[in-house]
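I wanted to look through the helices of one chain and the sheet of another. My notes are kept in the order in which I checked things.

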Amino acid sequence: MDKLREHFPILDIEVNQSPLIYFDNAATSQKPTRVIDAISRYYRESNSNVHRSVHTLAGESTRLYEEAHQVVAKYIGAKESEVFFTRNCTEGINFVANVLADSHFEEGDVIVLTEMEHHSNIVPWQILARKKNLKLEWIPVVGDNCSLDLEYLHFLTRKYREKIKLITFVHTSNVLGVTNDVDQIVRLAKSVGALTLLDGAQSVAHQKVDVKKLDVDFFVFSGHKMYGPTGIGVVYGRQEILESVEPWHGGGEMISKVWKTGAEWADPPQKFEAGTPNIGGGVGLMSAVKWINKHIDFERSCDHEALLVKMAVAGMGVNPRITLLGPKSPESRGSVVSFGVKDLHPHDLATLLDERGIAIRAGYHCAQPLHDKFQFGPSARISFMPYNTVEEVRTFLRSLNEILRKF
Amino acid sequence: MEKDTLYKQFIIDHYKNPKNFGSLNDATHQASRSNISCGDEMEVYLKVTDGVVEDLKFEARGCAISIATMSMLSEKLIGMSIEQIEQYENSEVLHLVGMEESSGRVKCALLSIESVREALK
């Protein structure tokens, strides 16, 4: 794993006169030199607007941007026509809410989500529900290992039947670290004809995703959590659905013809990318995928992250002042450990760790309903990527203990 | 090490034993404010007589910075006139706790003065 760190120049910086220990990867990941260079090289050598001109540079940028779509589609096992780029995962979810609004929902219909959702997969549905008078139902998080209560989902399908139009849930929780069983939920959704939207923001960086195997109707994620730049996200939508829905954003690029009284849409995926896209972002995302394909073995990296989690959990578990939030078994935590400390607010802890160069996250991690459910105030969170090390976890634990002795 | 930390001993002391912590039965002004994203909540009670703050109490749940700042600020504000409080600048509040304006914790510190301003509206 040390060889991996060489790809990340930012990991060598000092923060407050200490070496940076970056444990906030669930918020955003660091980027390898290859990705940074690819974006920079694009702007230095190939920059031009896509699709619009016949000159050489435009051809070059268009080729790169289209290649980015091909590479990303292949990465998640989708057809090119089924994948388009957005600004981020949140925008992707808002897209689905907006395009399905009139075609798929009528008054009284039901959207099912879960207690462990990120605000980005809650608020768009609240907005839609208010607009169209829909009902939101929540799958509870249950048990020692914080699983989704599928019996309750079963109950909901029996209660509402075809009134359930959409079931949306997170693949890997950014607070609990658990990865949910997609198959069973998809099966239950299909049994009542409901569509499924899977939020892959946290999962794409840590496992290979095949949208056809997952068999969901929509899959969304951001580039910046998987070694890519910010400002670029991806929506996968099943071909039949993307062909049938009206576009969300209108403008240049997503049309084939425009006259005073109307316009003809371009085919998917172009149909859903209006205006000049984040070309540099697309190039960066492509580079990130290529980098992952070359340098990351997901099995090995997951084992490594699991080791770091196990160490952290073991180190913190022995302290009676620390309460871990999430599954009992460290193996279920993926690469995330959220926790609270008695008589020490997570913000204070985060600042005290920052003074020692350690970056963690404090607050609700955009998951207030989840914290409410566990009656947990704001929490602290550490989250790993394969470039984090055992030594870093040791330093973190040592610093944590020092801080707790003083406070 | 003390020199380099935001959490100097006097801050810890004010956090662990905040001055003027509690409520006022005969409060003339009162307000609640919170930084919801942080989980900091504050309620201030003021007793104003003839335009002067005779007494001030506060109740709070949250981080050490928000509580320590309010504790220190409360000592300063008792005895001040409303005009003087209206002129009390954010930078002075930050100076009380030794915080740079660029600090990531500015919102936590300013919850104190913002609650007081809210109460005096």
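The entries below cover two helices of chain A, then a sheet of chain B and the helices that touch the sheet.

Entry 1, helices of chain A. I note that this is a predicted model. I looked up H14(A), residues 390-406, and found 17 residues reaching 25 Å from the first C-alpha to the last, close to the expected 24 Å. I then listed the buried residues of H14(A): A:Glu392, A:Val393, A:Phe396, A:Leu397, A:Ser399, A:Leu400, A:Ile403 and A:Leu404. They lie on the same side of H14(A), because they cover an arc of only 165° around the axis. The general background is that an α-helix has 3.6 residues a turn, so residues three or four places apart point the same way.

I turned to H10(A), residues 279-295, which also has 17 residues and reaches 24 Å, close to the 24 Å expected. I found H10(A) mostly covered, with 13 of its 17 residues buried.

Entry 2, sheet of chain B. I traced an open sheet of three strands in the order S1-S2-S3, paired antiparallel. Its edge strands are S1(B), 29-35, and S3(B), 52-61, each pairing on one side only. Neighbouring strands are turned by 15° against each other on average, direction ignored.

I counted nine bridges between S2(B), residues 40-49, and S3(B). For B:Glu43 I found the bridge partner B:Glu59 in S3(B).

Entry 3, helices on the sheet. H2(B), residues 64-77, packs on the sheet and touches S2 and S3 of chain B. I read its direction as about 170° to that of S3(B). H5(B), residues 106-120, lies across S1, S2 and S3 of chain B and runs at about 150° to S1(B).

Technical notes:
Residues numbered from 1 in each chain as written. Chains lettered and ligands numbered in written order. Predicted model: local features only at pLDDT ≥ 70, side-chain atom pairs only at ≥ 80, totals over all residues. Heavy atoms only, no water. Helix = DSSP H or I, 4+ residues; strand = E, 2+ residues; numbered from the N terminus. Expected span 1.5 Å × (residues − 1). Buried < 20%, exposed > 50% of the residue type's maximum accessible area, 1.4 Å probe, protein only. Arc of directions from axis to C-beta. Pairing = 2+ DSSP bridges. Axes fitted to C-alpha atoms, helices over the stretch in contact; angles between N-to-C directions. Contact = heavy atoms within 4.5 Å.
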